[in-house]
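Colleague: I would like a close look at one part of this model. Please take the place where a strand of one chain joins a sheet of another, and then work outward from there.

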Amino acid sequence: MTALPPKSDVKLGLVIDLDTCVGCHACVISCKGWNTENYGAPLSDQDAYGENPSGTFLNRVHSYEVQPEQGTAQTIHFPKSCLHCEDAPCVTVCPTGASYKRAEDGIVLVNEDACIGCGLCAWACPYGARELDKAAGVMKKCTLCVDRIYNENLPEEDREPACVRTCPSGARHFGDLGDANSDVSKLVQERGGIDLMPELGTKPVNKYLPPRPKDTGNEIDILAPLLAPIATETSGFLGWLDRTLERI
Amino acid sequence: MNYTQPVVDTSPKVSDEIRKTTCYMCACRCGINVHMKEGKVAYIEGNRDHPVNKGVLCAKGSAGIMQVNAPSRLRSPLKRVGERGSGEFEEISWDEALEIASSRLAKVRADDPSKLAFFTGRDQSQSFTSFWAQGFGTPNYAAHGGFCSVNMAAAGIYTMGGAFWEFGQPDWDHTKMFMLFGVAEDHDSNPIKMGLGKLKKRGAKVVGVNPIRTGYNAIADEWVGITPGTDGLFITALIHELMKAGKIDLHYLSQYTNAPVLLNSNPDSDSYGLFLRDQDGKPLVIDRNTGQQAAFDKKGIKPDLNGSIRIAGTSHTTVFHKMAETYMSPEHDAANVAERCGIAEETIRRLAAELAHVAFEQEISLPIEWTDFRGEKHSKMIGRPVSFHAMRGISAHANGFQTCRALHILQIILGSVEVPGGFRFKPPYPKSSEIHPKPHYGYAPNKPLDGPHLGFTHGPEDLALKADGTAARIDKAFTWENPMSSHGLMHMVISNAHAGDPYKIDTLFMYMANMSWNSSMNTGGVMKMLTDKDENGDYVIPNIIYSDAYSSEMVAYADLVLPDATYLERHDCISMLDRPICEADAAADAIRWPVIEPDRDVRGFQSVLCDLGARLGLPNFINEDGSQKFADYADYIVNHQRKPGIGPLAGFRGDGTASGRGDVNPDQLDKYIENGGFFVEHINEDASYYKPWNMAYQEWAVGMGLFDAPSPYLFQLYVEPMRKFQLAAEGHGDRQPPEHLRERVRDAMQPLPVWSNSTDENFPIHALTQRPMAMYHSWGTQNAWLRQIHGVNPLYVPTKIWEANGFKEGDWAKVTSPHGEITVPVSHQAALNENTIWTWNAIGKRKGAWALDEKAPEATKGFLLNHLIHELMPAKGDGMRWANSDPITGQAAWFDLKVAIEKVDAPVECEPNIPAQKSPVGKGPKNLTWKVGS
Amino acid sequence: MHPAPSVILFSVLSGLGFGMLAWLGIGKPPVTGMSAFIFFFVAYALSVGGLLSATFHLGNPKNSLKAFSQWQTSWLSREGCCAIAALTVMGIYAAGAIFLETHWALLGAIGSILSIGTVFTTSMIYAQLKTVPRWNHWTTPLLFVALSTFGGALMTGQVTVAMYGFVAVGLIQLVAWLTSDNRFTKRGSTLETATGLGNIGKVRMFEPPHTGTNYLLKEMVYVIGRKHAVKLRVIAMLLMVVIPVLMIAMGAGHDIKAVIAVLSHLVGVFASRWLFFAEAEHVVGLYYGKRG
């Protein structure tokens, strides 16, 4: 049913910390691995060992350079997958009902048994979160590891998306953004989490924590006294040394 | 209207079984859970219990499934049938392969064992492969440390008995300011990422010192875009500023370092610059309590940093006095180094001040009692929460050893090594250089070598020289050209063997070393050396045996190929005798075991060596009756003992409960498998810091078998063995350097680190490579998932050079060095040192290798900088060509590359365009839809 | 957006076909018997052929029947429903005209509305997409409907209507082009809003996530040179509007001028439609350092 469900209190999603992501692509591959073996058709690869290799990935890490008005440019690694929008345009455009948003937790999924592979949902998504798998002909997207997060065959601590479990630097957080007291909501609150392309009105559930201010080492005034010379040459230094050693 | 939605099975079965083993997708060696479905590998994730990665896993690790199904896997032993380099082979049986190898090697061993050069590359079993080489009796063994890490390892061990790389770690839980220098993102990578995550969570400051702002440097709170090769200059300026301001830890220096040790300061003495020692050979200090000299380790003394004494007309002053003379000099002032470093003077001063601020005004103190080696009890552990980490970026320079040493000096004057918040060693470190072995090279026909090949020299008497003064080793390690080359010089083996200098060899036997491609400087030259023939039409290097699991570029150059198993199909041990996986708080080791059986006619290389060793009758590989001693590598891992009670694995010894020391336990591997593939033994809290001087740690280490008796020692700010080499160069002693090296040895072997470099104005631009986090060496390309992330490698160009050349995205450039030229695609990067260009390492591939299509982007647009680098420097005025390496350790100076760049019309493909080699394994399938479960 | 031949073919041909059906439904021309058969055959060939060619764009056509289920929310589903309804109603109407020589006017009128409605729903598939600012505008349905209506007029011999209609089409097309050229910018989506990094400074792509290509780049990031686009616009306008109008003004009837008018118009619409896709920039291109 491609109407959006009634608003739910539970909004499961990811919080991605751009101040901590080192761009290692761990999340990209663990996602590829889990989702190739699990939910729906495998994520295929075309021309895998050839001239133009390409494949289906549900999560990709971009790298950007940001040039502040003053000072050095910054490099920012930017993982991107489905943001599980509250007003998900990909859902309402679907002609078959394959694309839907779950009523109980807000996860946006594709029912591959109903998908005709028309690609319109990918067109409707501003974020590039949906990729049509060339081998299966159906639309693939982040499932927020719906087959992990409730999976009773997994130990409780592993019931989180594969990308979150694997992230070495801890730049990915999973939780209920509908609950103001959840850890993820608090993180968003403390760090000023933001929406991507808010002007399009999609109301993404996933939030991004902006990088902390960088290269702001202008505390020389506070620090300068620390470098007041005790001597400028060897003999003076050794004299200071003798005096100081007496005291310790 | 009711909302209806499809029903999803949210609890599908995950796998039939989880098999826990150790990753081998890079050098990090994380624990992995291999999920099996129907006997096949279905999914790989990190092992939460494992000490290295605690559940996380990088891109490479998660892509392991694509490595064990890679079409590039070799399938059977191969015998060369075409010309070397062509890739023409026939498949042969293991019996035939082992017969070919053993008959040839038996002759070499009976005739002259030094005619075998056995070198291993990304080997994680060096204690075993060196054991085999010792049994064979050739002095010519080393792994790849000489072109990878030796400056860092040797500088660390000579200075403080332990090094960066994966052998130590910042105190992630307590440090408040962390400075990261030139870190390669493929060693200890998950622990570093996890550590950075911890720092970010706590809001500690991260400073990245690196010409390139990617990866870890991207998240650094402050990026210092230093000019390559000037780290030593920058660090000595920090030392200068801190000393000048008196912001140094005098207590730490006097108690735990050789700063108060007395040096002979009479320039006319033949002991000038050596330590004053007592009859037991213990270095002496002046005790401030008495004003008298005393052995450094005497209980209750207060070693005087500014002591002096005159004995028989010879004055002696302290190491610290020498340091003051050296580092107080205005040449080290921030103002005098700023321009060369590419760092503003104020920035250098501010960073020095920040270090001082955090170290001394944010001191931390843990309420933990401990007793030092002098017997003194301390009620708490004082910490200086500044920490440092560094890797290849600062070490792969001709001044790398001294740069690494300078960084250790900086850490030590701040009192921030082995203290809370500082830098911590991982067992078996800390360990003084003096209790490591010395190099051994005594060989004779049909005899094992007289001891381990590699070690630490402590003076000219330890050099591996023959009676006539020529090099005993084919790579000229431990000679006057590089007296402290503790890891050997793998990068010189092929060129020396080709030149017959110091002598010719018969067989070059290599393992996992892609020497004809990305693991050599001067790639084209190496390919020629491997295929050159003499006047009789015979190959100059007569016989090449190579073992690898995959169809690498080097396979094409072997006469005999021994196909290895992949990491999920074999036994291995990650041993404390080798490159351990310990944590600062724990000793740990691990195994690999065959979680799947090979589907090809391949064997684990170490098991093949057990077989080959027995066929050759190597004494350490046969029983008394001459039968094969170790059935395979697993048998060796369990049953071999280095010393009674000490084996490759420290866990589950004896009856299964002994750790460290204990009898052989036939069920040891099962115990490891039961325990998740690893063993870990935690260090008690009272032994957790101050380890070199902490008796609780020393005793724990003896119990674990790390050494045989407590061995506390002082940090060596001043490295006396270097002074011994210098003294020889000044004409003292009976072992003298050759005249052409005398000046170089004297200049290079400075016992206190100072910075030096050379410049060539025709080639003003620094050229570097970095390893992407998602790839390891050349391995990533055969991996269908990873190669999509990095299938080509543009040359990144900083704004200044970009604009000066009028480059646009999509343009190509010709890059020239004194040695060669390449034509490659360029791309712009603003967050880059303005005189530096760089690219990702080892993405470029030779056509026909790795089972890829010959039109693969890696082979047409990917490229290597290696073509621009020579293993020798351009000729000097005297016509001599010195090695392009550190004159102390011989480490390959990859990062000294200087180039010129110009825009050119786009060629069809990158140049040089090396012709294809024939693939011995064919090509991979077109498309992949990999799902093993139903 | 990638100018996929199947989609261009579909939307142009079916637009023309439904345009014809719309005219035939209101009895223009009031054909019966054999000549009705020929008109309806051409109209059905175009509309059904177009629809079939659109299915080549589907990754998994076996589920196509499900596409009629979501008419409440999905313009694509509405298009399917509308098309089936139009074809069914007009089929009955055509049967009356061909076999009974009868025009069921009410049925025809409903069929006409459904036919134009089909074209409208098609256009709304594009016009609804906020992610493609160039399409996300009232000119999109207007242009589609106008092209269909007056192309249908030409095909059904309503040459005068067609002539004045084409002038209108030309104007609408011009307005569509001119107003859409800066719509992406006006909407305000930039790499800065896409990444949220704008408060630090100017953002540029450093490295793409993968060095190779992917579905998104192939499907939604198509870069056309500006000069090339301008040239094609001129050609499209000439062929789609100017030449047919001239031909009609010169008295096109059952002659070569009419053939020229039809062919010229058809090729012109193809060019216009190709540009409709090729010039349309999807916001996702921002993430790849490309607008478009």
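Modeller: What follows starts at that shared sheet and moves outward to the neighbouring parts. Keep in mind that this is a predicted model.

Start with the sheet itself. It is open and has three strands, in the order β5(A)-β4(A)-β1(C). The pairing is antiparallel. Two strands come from chain A, and β1(C) comes from chain C. The edge strands are β5(A), residues 74–81, and β1(C). Each of these edge strands pairs on one side only. From one strand to the next, the twist averages 40°. Strands of a sheet pair through backbone hydrogen bonds.

Now the seam between the chains. Strand β4(A) covers residues 59–67 and is joined to β1(C) by five bridges. The two strands run antiparallel. Two pairs help you find the register on screen. Val66(A) stands opposite Val203(C). Glu65(A) has Arg204(C) as its bridge partner. Both partners on the chain C side sit in β1(C).

A helix goes with this sheet. Helix α1(A), residues 26–37, lies across β4(A) and β5(A). The angle between α1(A) and β4(A) is about 165°.

Step back to the whole contact between these two chains. Chain C gives 51 residues and chain A gives 53 residues. On the chain C side, β1(C) makes the largest share, with six residues. β1(C) spans 202–207. Other elements of chain C supply at least two residues each: α3 (75–99), α8 (191–195) and α9 (215–220). By class, this side of chain C has 21 nonpolar, 23 polar and seven charged residues.

Helix α1(A) also turns up at another contact. Here 82 residues of chain A touch 93 residues of chain B. α1(A) gives the most to the chain A side, with nine residues. That side has 39 nonpolar, 27 polar and 16 charged residues.

Stay in chain A and go to strand β1(A), residues 12–17. It is mostly covered, with six of its six residues buried. In a regular strand the side chains alternate between the two faces of the sheet. Leu12(A), Leu14(A) and Ile16(A) point one way from β1(A). Gly13(A), Val15(A) and Asp17(A) point the other way. All of these residues are buried, Asp17(A) among them.

β1(A) has partners that run in opposite senses. With β10(A), residues 172–176, it runs antiparallel over five bridges. Gly13(A) stands opposite Gly175(A) there. With β11(A), residues 207–209, the pairing is parallel and uses three bridges. Ile16(A) faces Tyr208(A) in that strand.

Next, chain B. It has an open sheet of three strands in the order β12-β16-β15, with antiparallel pairing. β12(B), 262–264, and β15(B), 308–311, stand at the edges with a single partner strand each, so one side of each is left without a neighbour in the sheet. The twist here averages 30° from one strand to the next. β12(B) is joined to β16(B), residues 314–318, by three bridges. One pair to look for is Asn264(B) opposite His316(B). Helix α10(B), residues 319–327, lies across β12(B) and β16(B). It runs at about 75° to β16(B).

Also in chain B, look at helix α5(B), residues 150–160. It is largely enclosed by the rest of the structure, because 11 of its 11 residues are buried. Among them are Val150(B), Asn151(B), Ile157(B), Tyr158(B) and Met160(B). The buried residues of α5(B) pack against β21 (386–390), α13 (392–395) and α14 (400–413) of chain B. Gly161(B) follows the helix, and its phi is positive, near 75°.

Finish with the nonpolar core. The largest one has 483 residues. Leu238(B) and Leu355(B) touch the most other members. Leaving out residues up to four places away in sequence, Leu355(B) touches Met177(B), Leu238(B), Leu242(B), Val386(B) and Leu414(B). The largest share of this core comes from α3(C), with 13 residues. That brings us back to chain C, where α3(C) also supplies residues to the side that touches chain A.

Definitions and conventions. Residues are numbered from 1 along each chain as its sequence is written. Chains are lettered from A and ligands numbered from 1 in the order in which they are written. This is a predicted model: local features need pLDDT of at least 70, side-chain atom pairs count only at pLDDT 80 or more; totals for chains, interfaces and linings use all residues. Two residues are in contact if their C-beta atoms, placed from the backbone, lie within 7 Å. Helices (H or I, at least four residues) and strands (E, at least two) are DSSP runs, numbered from the N terminus. Ala, Val, Leu, Ile, Met, Phe, Trp, Tyr, Cys and Pro count as nonpolar, Asp, Glu, Lys and Arg as charged, and the others, Gly among them, as polar. Two strands pair if DSSP finds at least two bridges between them. Axes are lines fitted to C-alpha atoms, for helices over the stretch in contact, and angles run from 0 to 180 degrees between N-to-C directions. A residue is buried if 20 or more other C-beta atoms lie within 10 Å of its own, exposed if 12 or fewer, and partly exposed in between; C-beta atoms are placed from the backbone. A nonpolar core is a set of buried Ala, Val, Leu, Ile, Met, Phe, Trp, Tyr and Cys residues joined through C-beta atoms within 7 Å.
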